[in-house]
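This report describes the fold and packing of one protein chain. The sequence and the structure are shown first, and the description follows.

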Amino acid sequence: MNRTATIAAAATAVAAFAVGCGSSGTTGSSSPATGSSPPSISSAPPTGGAGTLQAHNSPLGQILVDGSGRTLYLFKADTGTTSHCYGSCAQAWPPDITTGHPSAHGLNAAMVGTTPRHDHTTQVTYNGHPLYRFFQDAKPGDTTGQGSTAFGGAWYVISPNGTPITSTGPSPSSSGSGGGGSY
């Protein structure tokens, strides 16, 4: 029954978006980072399932990635665990959605959580920050959204200690709880 309700909620959210009923809690540019338009919702990177978070080495230091190795970001315009990224924002910055309790490999499990979204999905959080991917990150390890300011706020990768990494260039190895790895 829970799976049927989840599928129905997702179908309703997609249908509402398709007819223009989706709204964004913030305003901003529709062309993040490099000026490209975000993809349609059907071509956004896949999300869903039981979320998995892990730490990996990057030129920015240790950062959070999902189970596929895709970089995860936080949005400074979010308020606590409340996401303010919907509509065209969520096309460019797809939320990390889960249908189960997320797991943390090599991270502080107490910092992993979820938050309900207005579109009736459940978004993964870390240290109270809703997590997102960036549509222009073409492969695992890409961090092309780092430092972008779009849709009313800045976007940053997040470190294993739960804080945003605000630098835009290589940094020395940062210490964090848990393991890491390279791509």
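Setting aside the residues within four places in sequence, Cys85 is in contact with seven named residues: Phe75, Asp78, Ala90, Trp93, Arg117, Tyr132 and Trp155. The coordinates belong to a predicted model, and every value in this report is to be read with that in mind.

**Nonpolar cores**

Cys85 is also prominent in the largest nonpolar core, which has 19 residues; Phe75, Cys85, Trp93, Phe151 and Trp155 are the members that touch the most others. Two or more residues of this core come from each of β2, β3 (73-75), α2 (88-92) and β9 (153-158). Helix α2 supplies the largest share, namely three residues. Apart from this core there is a second, separate one of eleven residues, and Leu53, Leu74, Val124 and Leu131 are among them.

**Aromatic pairs**

How many aromatic pairs does the model contain? The count comes to eight. Such a pair of rings is described by two quantities, the distance of the centres and the angle of the planes. The table gives both for two stacked pairs.

| Pair | Centre to centre | Angle between planes | Arrangement |
|---|---|---|---|
| Phe75 and Trp155 | 4.0 Å | 10° | stacked |
| Trp93 and Trp155 | 3.9 Å | 0° | stacked |

Why does the pair of Phe75 and Trp155 tie together parts that are 80 residues apart in sequence? The reason is one of placement: Phe75 belongs to strand β3, whereas Trp155 belongs to strand β9. A similar argument applies to the other pair. Trp93 is located in the loop between α2 and β4 and Trp155 in strand β9, so their pairing ties together parts 62 residues apart in sequence.

The burial of these rings can be stated individually. Phe75 and Trp155 are both buried. Trp155 has a relative accessible area of 0% and therefore counts as buried, the cut-off being under 20%. For Trp93 the relative accessible area is likewise given as 0%, and this residue is buried.

Ring pairs also extend into a cluster, which links Tyr73, Phe75, Trp93, Tyr132, Phe134, Phe135 and Trp155. A further ring is involved with a charge: the charged end of Arg117 sits over the ring of Tyr86, at 4.2 Å from the ring centre. Arg117 is also one of the residues in contact with Cys85.

**Sheet β2-β1-β4**

One open sheet consists of three strands in the order β2-β1-β4, and its pairing is mixed. The edge positions are held by β2 (61-66) and β4 (103-105); each has a single partner strand, so one side of each lacks a neighbour in the sheet. Disregarding direction, neighbouring strands of this sheet are turned against each other by 30° on average. Strands β1 and β4 run parallel and are joined by three bridges. Leu53 stands opposite Ala104 of β4; Leu53 is also included in the second core.

**The surroundings of Gly51**

Gly51 is placed in the loop between α1 (2-18) and β1 (52-58). Is Gly51 buried or exposed? With a relative accessible area of 6%, Gly51 is buried, because buried means under 20%. Beyond the residues within four places in sequence, Gly51 makes contact with Thr98, His101, Pro102, Ser103 and Val124. Gly51 and Thr98 are 47 residues apart along the chain, and 5.2 Å separates their C-alpha atoms. Val124, another of these contacts, is included in the second core.

**Sheet β5-β6-β7**

A further open sheet has three strands in the order β5-β6-β7, with antiparallel pairing. Its edge strands, β5 (112-116) and β7 (129-130), each pair on one side only. Five bridges connect β5 with β6 (residues 122-126), and these two strands run antiparallel. Within β6, Thr125 is the bridge partner of Gly113.

**Overall composition**

The protein comprises two helices and ten strands. Read from the N terminus, its elements follow the order α-β-β-β-α-β-β-β-β-β-β-β. Of its 183 residues, 43% count as buried. Among the contacts between residues at least 6 apart in sequence, 71% join residues at least 24 apart.

Methods:
Residues are numbered from 1 along each chain as its sequence is written. This is a predicted model: local features need pLDDT of at least 70, side-chain atom pairs count only at pLDDT 80 or more; totals for chains, interfaces and linings use all residues. Side-chain values use heavy atoms; hydrogens and water are left out. Helices (H or I, at least four residues) and strands (E, at least two) are DSSP runs, numbered from the N terminus. Buried means under 20% relative accessible area, exposed over 50%, partly exposed in between (1.4 Å probe, protein chains only). Contact means heavy atoms within 4.5 Å. Two strands pair if DSSP finds at least two bridges between them. Axes are lines fitted to C-alpha atoms, for helices over the stretch in contact, and angles run from 0 to 180 degrees between N-to-C directions. A nonpolar core is a set of buried Ala, Val, Leu, Ile, Met, Phe, Trp, Tyr and Cys residues joined through side-chain atoms within 4.5 Å. Rings of Phe, Tyr and Trp (its six-membered ring) pair if their centres lie within 6.5 Å; planes under 30 degrees apart count as stacked, over 60 as edge-to-face and the rest as tilted. A charge sits over a ring if NZ of Lys or CZ of Arg is within 6 Å of the ring centre and within 35 degrees of the ring normal.
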